[in-house]
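Please examine the structure shown below before reading on. The paragraphs after it are meant to be read with the model in view.

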Amino acid sequence: MSARRRLWGLLRKESLQIWRDPSALAIALLLPTVLLLIFGYGVSLDARNVRLAIVVQEPGPLATQFVAGFARSPYFQPVLFAAIQDAEAAMDRGDAQAIVWLQSDFARAANAGGAPVGLLVNGVDANDARIIEGYVQQVWAGFVAAHGGGVISVQPRVRFNPSVSSRDYLVPGLIAVIMTLTGALLTALVIAREWERGTMEALMVTPVAMREILLAKLLPYFVLGMGGMAGSVAIAVWLFGVVLHGSFWVLTAASALFMLAALGMGLLISSVARNQFVAGQIAIITTFLPAFILSGFVFDIASMPRAVQIITHVVAARYFVSILQSVFLAGDVWSVIAPNAAALALMAVIFLVLARAIARKRLD
Amino acid sequence: MPPATEPAPAGEAVRLVALSRAFGSGKLRVAALDAVSAVAASGAVTGLIGPDGAGKTTLMRLICGLLRPDHGRIEVFGADIAGPRATAAMQARLGYMPQRFGLYEDLTVQENLDLYADLRGLPPDERPGRYGELLHMTGLAGFTARMAGRLSGGMKQKLGLACTLVRAPDLLLLDEPTVGVDPVSRRELWEIIDHLTGTAGMSVLFSTAYLDEAARCDAVLLLHQGRLLGAGPPEEMTAPLAGRVFATPVPAPARRHAQARLAAMDGVIDAVIQGDGVRLVLARAPTAPSLDGHALTAVAPRFEDGFVARLRGDDPPPARHLPADPPAPREDGAPVIVVEHLTRRFGSFVAVRDVSFSVRRGEIFGLLGANGAGKSTCFRMLCGLLPASEGRLEVAGFDLRRAAAPARGQIGYMAQKFSLYGDLSVRQNLRFFAAAYGLRGTSLRDRIDWAVGEFDLAPMLGGNARDLPLGFKQRLALACALMHQPRILFLDEPTSGVDPLARREFWRRISLLAESGVTVLVTTHFMEEAEYCDRLVIMAQGAVLAAGSPDAIKKNAGGGDGATMEDAFIAVIEAAATARAA
C-alpha cells in the first residue's frame, strides 16, 4: 500500500518535471526530429546529377544515340567534349566526376560488335566511383540491347526496394540509431541531474526502495521515448515517403522492446555518471557511435572482419535496424523479426537486471 | 506537534565507536574521519562544529547510511545500523536534510511536501493537519503555489526542513542548514529546532561552520581535519579560558592596526576586532590591567575563543615582527571605485537594484549579505566580466563600459572557491597567473620568489593545487591575485569555509595590504568579518539596505553598547521588511 503510494508520488513528480523542464521533452521529441531531418536529407548513398564528360572524337548517328542514353538518365548531366585533354582538365577542376571516351573508331567497332568505350572515374570517393561505374555499365548495356537487337538483354530486377533508393533503407536504420541515443540520454541525464542537484541524496534516506526509484524513471521516459519513436516513424512515412510494408503492431512491439533496452542502458550509465556532462559523453560514446558504425545501417555487417562482427552482437541497434528495415521494406518477415526481437528482449532484460543489481541506496 | 511515532529511549541517540572513513586511493588516500568515538544524547541538539574539510558531511552521511565506514561502527538508538535491513529500519526513524536541502526546484512548495509525504508514507487523512502545522511553523503558508526554485535561501532552508519533518522523525540530521542563509532565517530556524527538541523530544544533529552557533547546542562535537578535537557542552570548552579573555575599546581609525599589533604580541593567543574594540585571549591571566597601553576589561569566553585556543594547542603563536609603523595617513583624493545607480537584470529578475557606493584608496570596503543578495553579481560587473544593465561603474579612473580591459589590469581578483588550476602544481599556478597578467623573465621570477616567501608556499611548491588543504588554497589564490601588484583587490567570499586560524591569518595580510595603499573590496556572509572593513554596505535581494562604517551602521540600527554586526543586520532587514509591508 505505502509502496504503491511511494511509486505514485515519484511518478507524479517525474511527470510534473517533464512538463516543466523542457530538456527531457527536447531530448525525446526535438532531438530525433532534428537528427532525422539532417541525416535524412544529408545522408544518401545515391549518386544523382553526376557531372559526366563525354568525349566524342568522331560524331555520328551511333555516337549521338549513345550520348542520348546518358541524357535520359536521371543520374547524369552529360557535357560533350571533342578532345580527351579538355575532359581531363574538366575533371582536374572538379567539373566532371567521370569521363566516357568514345574513340574515333567507335561506330565501326560498335557495328562489329565490340566497341572500345573508355571510362575514367574520379576515385577519391570510392563508394561514389563504384556507383557511377555501375550506372555507366547500365546505360551501356541498354545501348547494346537496343542496338544489338536483343542479343544481350539486361533487365535488372531489384527486390524489396524497387526504386533502389538508398533513403528507403537508410531512414529506418537512422531511426534505430537516433532512438538509441535518445533512449540512453533520457534516463542517464535525468538521474545525473538528481545527483547534481543533491535530491538523490535526500531520496535515498527516505523509505523508498531503489527499484521504486528506477521504475519511476523507467516508466515516464518509456512513454516519452515511444512518443519520439512515433514522431520519427511519422516523419519517415509522411515526409520521406518511406512505405511501411509490415504491420504497425509489429513495429510498435519491436520499438517497445528496443526502447526498454535503450532506457536500461541509460540506467546503467547513470550508475557511474553523476553529472550530466559525463552522462551525456558516455551515452554518445557507448550508444550513438557503435550504433552508427556497427548496426549495419550503413556498413554491411557481413563484410566486416570476423572479430568486429562478433562485437556487433552487443549493439542493440543492430537487431532493431534489421527489424525496422524488414518491417518497412519487406513486411512482417517473421524469420527476420523473431530472432532479432528475441535478442532485443534479452538485451533489455540484461540491462535492466544489471542496472537494478548495481544500484545501491548509498553514495559509495 | 504530535509526539514522535515512537518515543526515543532515554539516553543516547547516536553512538560512534572508533569510526574511520577515507576517500581516494593509494598515495592520495585521505582520511575524512579518523577514529572518531562520541555519543549524541537523545532529545538534545548536538552540534557538529568545524571548518570545511573537518569531516562533518562524511559523518552525517555515515550516520544516515549513505556511506559505509572503513572501520568502527554506528549505533542509532542503541541498534547497530550495519546491514541493509538495519539501515532501512534506522532510516524509517530518520529525517535528513542534505546541504542543498534536497528540494525539487521545478516543483511547488505543495508538490514538494506531497512528494515527501508519499515517500515517507504519511496517511492521507493526517496530511491536512500536518501540512498546516509545518506551513505555520515555517511561515510558508502563503507560498504553497510558488516554485521551490523561486524561494529565497532562507525559505528554501525552511521548506527543506518541512519536507524532512513531514512525518516527525525521532532523529533529525541537518547538514549545514544555515551556511550562507541570512541571520534572520538562521534565528528562525533555531527557534524551530528548540521547539522540536523541547516539545517533541526529537534528537537533532546539526552541522555548521559558524562557530557562534555552537553556543545554541546542548553539546558539541568539535571536528578538525577528521579528528575529534573535543566533545561536551559548549560551556565546557570555554571554561578553561575563564579570566583570560578581555575586551579593550579602540577608536575606529586605529582599531585594525591595534588588533594586528596585539595579535603579534607575546602571550596573546588570539586577537580579533569585535564591536568597538579588540577582543583578546591570553595564554595566562594577565599581571597588569593593561597591555601595550590598552586597558583590559574581562569578558565571558565564547566558543570561538575555545576553538582557537585548542587549535593553537594552548601555545601562543611565536611572537612575530610587530607592525610598528602607524598606518599611513589616508589621502582623501578622488575615490578609486565609483558605483552609481548600478542595476543588473536577468530577464524579469532584478539581481542588483540601484546600488551606489564609492571606495577610497587604501580602504577595505565590504559587501555583506546572505547568498542570493546580489554580492557576486555586483562583483562580476565591477571586474568587467558582466555588463551592467544600467548605471555607471568606474574603477581606477576607467569607465568599465568603455575600457574594461585596462581597468582589469589594475585589479587582482580572487574568485569564489579560489578558482585555481587543480591539476597544476603550486609553482605552475603562480607562473600561469603571473604570465596571464603580462609578467616575463626576471620580473616573473622575482614575483614568484616573493609569493613563495610571503605566503609560506615553499613546502607545497611541487604539489598539485587540488590536493592542498583549504587554508593553503586560499593563500595560494591570494598570492595569484597579487602577482601583478594590483592597486585594487577584489575578494569574493575569500574566507568561506576555512578554519578560524586561516581566517585570522588572511585578515592580517589584508590589513597590511590596505595599509600599504591597496584598495580592497570584499564580499562575505560572515557578520563578524564586517568589523574588519572601514566601510560596508548591507545587501539583501539586490538592494543596499544600509551603508557606512561598522560603528555607524550598528548605531543607526539602534544597537546599544556591545551590539554585534549580526544584531544590526537583523534590525536593518526587519526595518526594510516593515517598510515594504507599510
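The explanation that follows moves from whole chains to one strand, and then to the contact between the chains.

The model is predicted. Chain B is a suitable place to begin. Its 582 residues would, as a compact globule, have a radius of gyration near 25 Å, and chain B has 25 Å, so the value agrees with that expectation. The C-alpha trace of chain B spans about 70 × 55 × 55 Å along its principal axes. Within this chain there are 17 helices and 26 strands. Buried residues account for 48% of the 582 residues. The contacts inside chain B can also be described by separation in sequence: of those between residues at least 6 apart, 73% join residues at least 24 apart.

The domain assignment divides chain B into domain 1 (12–237), domain 2 (241–311) and domain 3 (421–485). The centres of domain 1 and domain 3 of chain B, taken over C-alpha atoms, are separated by 38 Å. For chain A, the assignment gives domain 1, made of 12–43 + 165–358, and domain 2, which covers 50–147. Between the centres of these two domains of chain A, again taken over C-alpha atoms, lie 46 Å.

Attention may now turn to a single element, strand β24 of chain B, residues 519–524. Is this strand enclosed by the rest of the structure, or exposed? Six of its six residues are buried, so β24(B) is largely enclosed by the rest of the structure. B:Thr519, B:Leu521 and B:Thr523 point one way from the strand, while B:Val520, B:Val522 and B:Thr524 point the other way, and all are buried.

Which strands are joined to β24(B) by bridges? One is β19 of chain B (residues 364–368), which runs parallel to β24(B) and is joined to it by five bridges. Here B:Leu368 has B:Thr524 as its bridge partner. Another is β23 of chain B (residues 488–492), also parallel and also joined by five bridges. In this pairing, B:Phe490 has B:Leu521 as its partner. From β23(B) the chain passes through helix α15 (residues 500–515) to β24(B), a β-α-β crossover that is right-handed.

Finally, the two chains meet: 23 residues of chain A are in contact with 24 residues of chain B. On the chain A side, α1 (2–20) and α8 (199–204) each supply at least two residues. Helix α1(A) gives the most, with nine residues. By character, the residues on this side of chain A comprise eight nonpolar, six polar and nine charged.

Notes:
Residues are numbered from 1 along each chain as its sequence is written. Chains are lettered from A and ligands numbered from 1 in the order in which they are written. This is a predicted model: local features need pLDDT of at least 70, side-chain atom pairs count only at pLDDT 80 or more; totals for chains, interfaces and linings use all residues. A residue is buried if 20 or more other C-beta atoms lie within 10 Å of its own, exposed if 12 or fewer, and partly exposed in between; C-beta atoms are placed from the backbone. Helices (H or I, at least four residues) and strands (E, at least two) are DSSP runs, numbered from the N terminus. Two strands pair if DSSP finds at least two bridges between them. A crossover is right-handed if, with the strands pointing away from the viewer, the path from the first strand over the helix to the second runs clockwise. Domain bounds come from an automatic or database domain assignment. Two residues are in contact if their C-beta atoms, placed from the backbone, lie within 7 Å. Ala, Val, Leu, Ile, Met, Phe, Trp, Tyr, Cys and Pro count as nonpolar, Asp, Glu, Lys and Arg as charged, and the others, Gly among them, as polar. The radius of gyration is taken over C-alpha atoms; the globule rule is 2.2 Å times the number of residues to the power 0.38.
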